[in-house]
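Colleague: Hi! Could you put the model up on the screen so we can go through it together?
Modeller: Sure, here it comes.

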Amino acid sequence: MFSSLSYFWGETFRSLLRNRFMALASILTVTLSMFILGVFLAAVLNINHMASYLENQVEMTIYLKDGLTTNQVMDVGKQLKTLSGLKEISFTNKDQAMAEFRERMKDQQGLLDAINGNPLPASYKTSFTTPDQLKEAAQTVAKYNSVESVQYGQDIIEQLYKVAQVIRISGVVLIAFLAGAELFIVSNTIRLTVFARRREIQIMKYVGATNGFIRWPFLFEGMIIGLIGSGIASFILWEGYKLAINEMTGAGLVFIPIIPLWPFMMYTTLIILAIGIIIGILGSAISLRKYMKV
């Protein structure tokens, strides 16, 4: 058992050294492909994380119609307080809304001077325990006679999910293409090795060596290529993600909800390593099928 393993590993490393340029090309291909996979995976998961975070943070703003009496405004407030899952509620009258608008736009004095009267509506701002309760409340409140419109940030969330879907689909297509390129290059690397050792393989078969015994060193070679390539890609991705987090923190962008480095990158690294190894082994197996038949 141990002597066989020693032989397999010895043949593996001797083969890698003999065909080092093709092996290097295969490793670089795996590295590039796995790095791109990791970037797309991190991007999609972070966008989904941001969408979920925003979905749980958004508030619903209810804009009231103009010309309502005080009793009508208060009635809307009473109705809102009966909604399921309501956490907080606050009211902003027209004067307060205009004062806040002027404060935000104080650098645009020309625009403020052009405004006649007060076109801003009174409004209620509410928050809910869960996103589902908020969506249900928005549908209910939109039917109130005294309500002009309801806004709760759903458009932003939907746009985020659409972006995530585009990135996800693009990533799958791109990675499928790159995986095909990896399989092609890895299998060609192994095919050159098999061709160079064809006489030795024939002699081994004549003396009774099984296909499995002949095959293992080549499978190990593909596994090593996949492991090294995906390992380099994982290291670059890990350091790049850490650098991105540090840069965002240094720039004061801590309010952006991104996934923390640990344990996110650990799981991402394990996925990339597993995929790289599998592709390396598959590339070897594809190449060996033809030569084992011969």
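Colleague: Which residue does Thr-61 stand opposite in β4?
Modeller: That would be Gln-151. Keep in mind that we're looking at a predicted model.

Colleague: Okay. How many bridges join β1 to β4?
Modeller: Four, and the two strands run antiparallel.

Colleague: And what about β1 and β3, how many bridges there?
Modeller: Four bridges join that pair, also running antiparallel. One residue to click on is Tyr-63, whose bridge partner in β3 is Ser-123.

Colleague: What's the strand order in the whole sheet?
Modeller: The order is β2-β3-β1-β4, in an open sheet of four strands with antiparallel pairing. The edge strands are β2 and β4, the latter covering 147–151, and each of them pairs on one side only. From one strand to the next, the twist averages 20°.

Colleague: Going back to β3, how many bridges does β2 make with it?
Modeller: Six, again in the antiparallel sense. If you want a spot to look at, Ile-89 stands opposite Thr-126 of β3.

Colleague: Is β3 largely enclosed or open, and why?
Modeller: Largely enclosed by the rest of the structure, because five of its six residues are buried.

Colleague: Let's pick one residue from that strand. Is Ser-127 buried or exposed?
Modeller: Ser-127, which lies in β3, is buried: its relative accessibility is 9%, and the cut-off for buried is under 20%.

Colleague: What is Ser-127 in contact with, leaving aside its neighbours within four places in sequence?
Modeller: The contacts are Glu-59, Gly-85, Leu-86, Lys-87 and Glu-88.

Colleague: Changing topic: how much space lies in the largest pocket?
Modeller: About 250 Å³.

Colleague: And which elements give two or more residues to its lining?
Modeller: There are three strands, β1 (60–64), β2 (86–92) and β3 (123–128), along with α4 (94–104).

Colleague: Can you give me the residues that line that pocket? What should I select?
Modeller: Select Thr-61, Tyr-63, Ser-90, Thr-92, Ala-97, Glu-100, Arg-104, Leu-120, Pro-121, Ser-123, Tyr-124 and Lys-125. You'll recognise Tyr-63 and Ser-123, the bridge partners we talked about, and Thr-61, which stands opposite Gln-151.

Colleague: Nice. How does the lining split by class?
Modeller: Five residues are nonpolar, four are polar and three are charged.

Colleague: Great, thanks for the tour!

Definitions and conventions
Residues numbered from 1 in each chain as written. Predicted model: local features only at pLDDT ≥ 70, side-chain atom pairs only at ≥ 80, totals over all residues. Heavy atoms only, no water. 1 Å grid on protein atoms, 1.4 Å probe; cavity = no way out; pocket = protein on both sides within 12 Å on 5 of 7 lines; lining within 4 Å. Points joined across faces, edges and corners; volume = space filled by probe spheres on them. Nonpolar A, V, L, I, M, F, W, Y, C, P; charged D, E, K, R; others polar. Buried < 20%, exposed > 50% of the residue type's maximum accessible area, 1.4 Å probe, protein only. Contact = heavy atoms within 4.5 Å. Pairing = 2+ DSSP bridges. Axes fitted to C-alpha atoms, helices over the stretch in contact; angles between N-to-C directions.
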